Amino acid sequence: MLAEERVSEEAMRCLRAEIDDAGGNEVFAFGSLDEQGKVVRLEAVARGNENSVPALFDRIGEGSPDVFIHNHPSGFLTPSDNDLIIASRAAGDGMGAYIVDNTVSRVYVIAEALRKRPRVFLDPDAMTAALENGGSVAGRLRSYETRPSQLDLMRLIVRAFNEDALAAAEAGTGVGKSFAYLIPALSFALANNERIVISTATINLQEQLYHKDIPLVSSTMDKKVKAVLVKGRANYLCLRRLQDALAEVMIPSLGFDEGEFDELGAIAAWADTTGTGSRSDLSFMPRDAVWSRVCSEGDLCLGMRCPRRESCFFMALRRETADARILVVNHHLLFADLAARHEGAGYDNTAVLPPYRRVIIDEAHTAEGAATSFFSKEFSRLGIYRLTGRLYRKKGAQIAGLLVRIAALSENRDKLDKSADLIQKLRSHTDDLDEAALELCREEGVFRLTPQRREIAALSLLPRIGDLKKTVDALARTAGDILEGVPQKDRDEGSVWELKGILRRLEAIGLTASLFLEYQEHPDQVMWLECQKGRGREDWVRFTVTPLDVAQELSDALFKPNKTVICVSATLTIAGSGGASFAYWMNRTGFSHDGDRLMFQGEFPSPFPYRKSVLLAVPQDSPLPDQSLYRDFVDRAVGKLIEISGGSALVLFTSYEALRSAYAASSESLEKQGIHCLKQGDDDRSRLLSRFLDDESSVLFATDSFWEGVDAPGDTLRLVILCRLPFRSPSDPVFEARSEALEKQGFNPFMELSLPEAVMKFKQGFGRLMRRSSDHGIVAVLDGRLLHKRYGRIFLDSLPETRTSFGAFETVLKEADRFLY
């Protein structure tokens with residue numbers, strides 16, 4: 001058959017050029033068909049020799065190609081057996097397979113391509129009907145009531161899918177945002193055979209979506225939509241690393257301690273029965289030191305060389321995701337995928353996740369913080385000790401570690417002693433650096449490198465960072481020499497790849513150290529130190545490099561390349577003179593950076609009866625936080641308010657110091673009244689929250705992480721106390737640097753950053769109370785600034801309308817008592 005019958009002139013020229021560039025050898029390419037069935041677009045993805053070429057089907061993107069094409073340099077176009085096998089595989093995905101000669105004048109069609117279905121647009125009325133009375137989804141929800149705001153939200157989301165738009169939606173508590181986006185998402189994915197990623201900030205929401213909401217919505221459809229819950233790679237057990245760790249404990253004095261040894265044994269027994277290999281399926285929570293030795297790590301993975309690849313839990317997950325239409329992920333995993341794509345993996349290939357072009361970001365108010373965390377780089381004494389301990393350990397006459405094992409294989413085994421000396425030297429430099437850093441952090445717990453502090457940094461910090469970097473580099477070179485001496489036949493050993501991965505991590509520490517040494521040359525990065533409290537051990541310091549601004553990175557990696565991005569949260573707006581505004585959130589996340597994109601936004605108020613069921617109590621005589629009487633007032637007020645509610649209270653602070661003070665002042669008296677007092681720090685977050693939810697009379701004293709993500713409906717929570725407006729501490733190094741940057745640009749950092757950030761967090765804290773329409777209770781704010789500062793009005797106007805009590809504290813107590821009882 002003549003090629004011109006199946007391939008456009010332009011595509012023929014493109015393919016000829018690719019074949020010429022490959023020296024007349026075989027080329028593997030993907031092509032897209034026009035409406036007449038001709039190849040009009042072509043992308044070469046692999047080049048081989050005159051007899052073969054890699055068939056790189058893992059390079060297939062979200063906009064799946066219609067055909068794959070390769071040439072036979074011999075001019076003989078009859079397909080080989082391998083050609084037929086590959087064509088059969090492609091046909092299973094609806095792809096055609098063509099063979100051409102080197103001049104692209106003739107073509108042999110092994111398999112015809114399935115013509116693409118025309119795009120299916122969602123019918124907004126059909127979508128909303130599912131949640132109207134008697135609808136397919138509504139009918140399966142107990143005591144469901146139609147919510148106009150939920151239907152309006154769904155219409156906005158339908159428009160975003162149909163019109164390839166960005167959408168930002170603030171959906172108040174109780175709107176039912178999950179179903180509002182799941183019904184259109186699953187419908188669109190099914191109708192158009194597209195993959196959609198749903199990203200959340202919390203594990204609880206991921207679990208709810210995957211185990212409850214998605215199956216319910218999918219069950220109402222004609223065809224099941226495959227969904228997969230995808231966790232970060234380190235959540236999964238690596239069977240090869242487990243085997244290596246078990247072998248290593250044969251030297252008891254150099255392996256794990258007794259408790260860690262027991263945990264490793266329990267993991268090994270669990271590995272024989274688990275179907276997922278997911279850490280969350282363990283009946284206990286292993287220590288980080290143990291799990292980090294056996295979990296799956298991308299830079300330590302042997303891939304196709306791994307002897308356990310057929311039973312690999314992570315590869316099983318990847319196979320599951322390959323044909324899934326819905327992927328449920330967390331923000332960190334999404335950003336890891338976006339970073340890989342933006343840095344070169346591209347948007348049409350598999351990176352951390354399979355390719356996609358439509359994203360839903362739930363809990364989108366956390367996007368900037370999650371991106372800031374992901375794009376930060378760090379190192380610490382604990383991390384360096386852990387890495388070097390994997391390389392080399394000595395006790396008495398016994399030695400162990402990866403370097404010992406690799407040196408036994410290497411022609412350069414004589415460099416083991418030098419490596420051991422460098423490890424000891426690195427640990428010594430790390431200790432010296434940590435000691436100097438602790439001194440700098442002693443006053444405020446943090447220390448930021450700035451041009452104004454260059455003399456302090458040059459005197460005590462930078463020389464020690466320089467010593468650390470030189471030693472890290474020397475260790476990486478010497479250990480690399482040992483690796484180079486390993487014979488080719490042994491280079492697929494698991495320990496070889498493990499060593500390569502650890503050396504890459506050491507080199508990354510060296511690069512981060514370089515940024516600190518050159519901090520004045522990187523004004524777009526924040527270099528800072530933070531003291532970390534050791535548990536039963538001495539304190540240590542984390543060295544962190546954080547991007548000053550993540551908006552442009554998010555714009556370039558997330559919002560610009562994807563066809564649809566839908567961002568939803570209960571808190572995205574700030575009250576302003578013209579009503580609620582998304583401007584702060586949009587600017588911080590880069591949502592609005594591309595002015596040419598079609599963008600929708602909307603507010604969808606909560607259907608809950610706040611006016612009847614919530615009392616906002618703010619004592620008129622609350623001191624300001626900078627006044628001497630403030631701490632005593634809060635300590636006394638917290639106890640009095642909890643006595644009235646009889647427990648069932650969540651007390652939120654902005655510092656541990658304030659928490660400890662109020663707890664010490666009130667807990668003894670409250671316990672005598674049968675009110676059980678729980679305090680953040682006494683247990684891990686999940687167990688502490690579980691104890692609180694199980695005991696209706698309890699009270700939980702908590703800080704930062706409990707301002708959101710606490711869902712305690714009914715009588716479990718009838719009183720929320722916000723002790724202080726949640727302004728970020730001015731000494732926070734990243735916040736300080738971002739404030740300075742705004743000031744240099746001529747903006748007011750308080751109005752542009754500090755205030756809007758505090759208002760959004762304030763709304764999250766307020767939202768802890770009302771979780772069901774039948775809930776009833778009080779939100780008390782003990783910060784006098786809410787009533788006595790002009791900006792207090794912005795906080796108040798950003799909340800739903802409630803009943804209020806703004807009198808003297810004694811009056812507030814009486815009104816609170818009447819309201820509850």
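Okay, let's start with the second largest cavity: its lining splits into seven charged residues, two nonpolar and one polar. Keep in mind that this is a predicted model. The volume there is about 70 Å³, and the lining includes Arg241, Asp244, Glu248, Arg293, Arg390, Arg405 and Glu498. Helix α7 has the largest share of that lining, four residues, while α14 (402-407) and α17 (494-517) each put in at least two.

So how many cavities of 30 Å³ or more turn up in the whole structure? Four. The largest holds about 150 Å³ of space. Its lining runs to 18 residues, and nearest the centre you'll find Arg233, Cys238, Cys301, Cys306 and Cys312. By class, that's ten nonpolar, six charged and two polar. Here too α7 gives the most, with three residues, and α10 (313-322) supplies at least two.

Now over to helix α6, residues 203-219. With 17 residues at 1.5 Å each, the expected span is 24 Å, and the end C-alpha atoms sit 23 Å apart, so the two agree. There's a bend, though, of about 40° at Leu209. Leu209 is also one of the buried residues in α6, along with Leu205, Asp213, Ile214 and others. What do those buried residues pack against? That would be α5 (177-192) plus strands β7 (196-200), β8 (227-229) and β9 (326-330).

Last stop, Ser569, in strand β17 (residues 564-569). Is Ser569 buried or exposed? Buried, because its relative accessibility is 1%, and the cut-off is under 20%. Skipping neighbours within four places in sequence, Ser569 contacts Ala169, Glu170, Ala171, Glu363, Ala364, His365 and Gln764.

Notes:
Residues numbered from 1 in each chain as written. Predicted model: local features only at pLDDT ≥ 70, side-chain atom pairs only at ≥ 80, totals over all residues. Heavy atoms only, no water. Expected span 1.5 Å × (residues − 1). Bend = angle between axes of the 7 residues up to and from the residue. Buried < 20%, exposed > 50% of the residue type's maximum accessible area, 1.4 Å probe, protein only. Contact = heavy atoms within 4.5 Å. 1 Å grid on protein atoms, 1.4 Å probe; cavity = no way out; pocket = protein on both sides within 12 Å on 5 of 7 lines; lining within 4 Å. Points joined across faces, edges and corners; volume = space filled by probe spheres on them. Nonpolar A, V, L, I, M, F, W, Y, C, P; charged D, E, K, R; others polar.
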